[in-house]
Amino acid sequence: MLSFEEGFIESQQLNQRLLQTIRLLGEYKGKQELFKQQAPQVLGTLRQAAVIQSTESSNRIEGITVPLERIKKLVTEKTTPRDRSEQEIAGYRDVLTTIHTSYTHIPFKARMKASSSF
């Protein structure tokens, strides 16, 4: 993919549509901050639904299938894992919790370009 090559983004021209999108992102960020202050419980509910869906989908990709009701209980920590599959789901929940609670302290850096063996 060209978009992952060093210098690709810097060489792109900024057209009117892209500038408008960037402006809208800033506007939506402001609205998000206002919404966080006015309706935090709604955002909490949406976040929990997203975590449950993410947990279910990610684990399904790995071949781990657990009934949705069990996933909900595991994600909300209302039950303990009964088997290895449920332990995997609880582990995924713990990682997401760490990311959501500590994201400001997690360093972010670009990965080194991997050599292609194709």
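In which helix is Asn59 found? In this predicted model, Asn59 belongs to helix α2. The residue is buried, because its relative accessible area is 5% and the cut-off for buried is under 20%. Leaving aside residues up to four places away in sequence, Asn59 touches Ile64, Glu88, Ile89 and Tyr92.

Helix α2 also meets helix α1, which covers residues 16-38. Two packed helices are described by the angle between their axes and the distance between the axes. The axes of α1 and α2 come within 5 Å and cross at roughly 105 degrees. Helix α1 is therefore roughly perpendicular to α2, since an angle of 65 to 115 degrees counts as such. On the α1 side, the residues in this contact are Phe35, Lys36, Gln37 and Gln38. They meet Pro40, Val42 and Leu43 of α2. By residue class, the contact of α1 with α2 divides into four nonpolar, two polar and one charged.

Helix α2 appears again at the second largest pocket. This pocket holds about 170 Å³ of space. Its lining is made up of Gly44, Arg47, Gln48, Val51, Val75, Glu77, Arg93, Leu96, Thr97 and His100. Two or more residues of that lining come from each of the elements α2 (40-61) and α4 (84-102). The lining of the second largest pocket comprises three nonpolar, four polar and three charged residues.

Taken along helix α2, the picture includes the contact with α1 through Pro40, Val42 and Leu43, a share of the lining of the second largest pocket, and the buried residue Asn59.

Notes: Residues numbered from 1 in each chain as written. Predicted model: local features only at pLDDT ≥ 70, side-chain atom pairs only at ≥ 80, totals over all residues. Heavy atoms only, no water. 1 Å grid on protein atoms, 1.4 Å probe; cavity = no way out; pocket = protein on both sides within 12 Å on 5 of 7 lines; lining within 4 Å. Points joined across faces, edges and corners; volume = space filled by probe spheres on them. Helix = DSSP H or I, 4+ residues; strand = E, 2+ residues; numbered from the N terminus. Nonpolar A, V, L, I, M, F, W, Y, C, P; charged D, E, K, R; others polar. Buried < 20%, exposed > 50% of the residue type's maximum accessible area, 1.4 Å probe, protein only. Contact = heavy atoms within 4.5 Å. Axes fitted to C-alpha atoms, helices over the stretch in contact; angles between N-to-C directions. Parallel < 35°, antiparallel > 145°, perpendicular 65-115°, else oblique.
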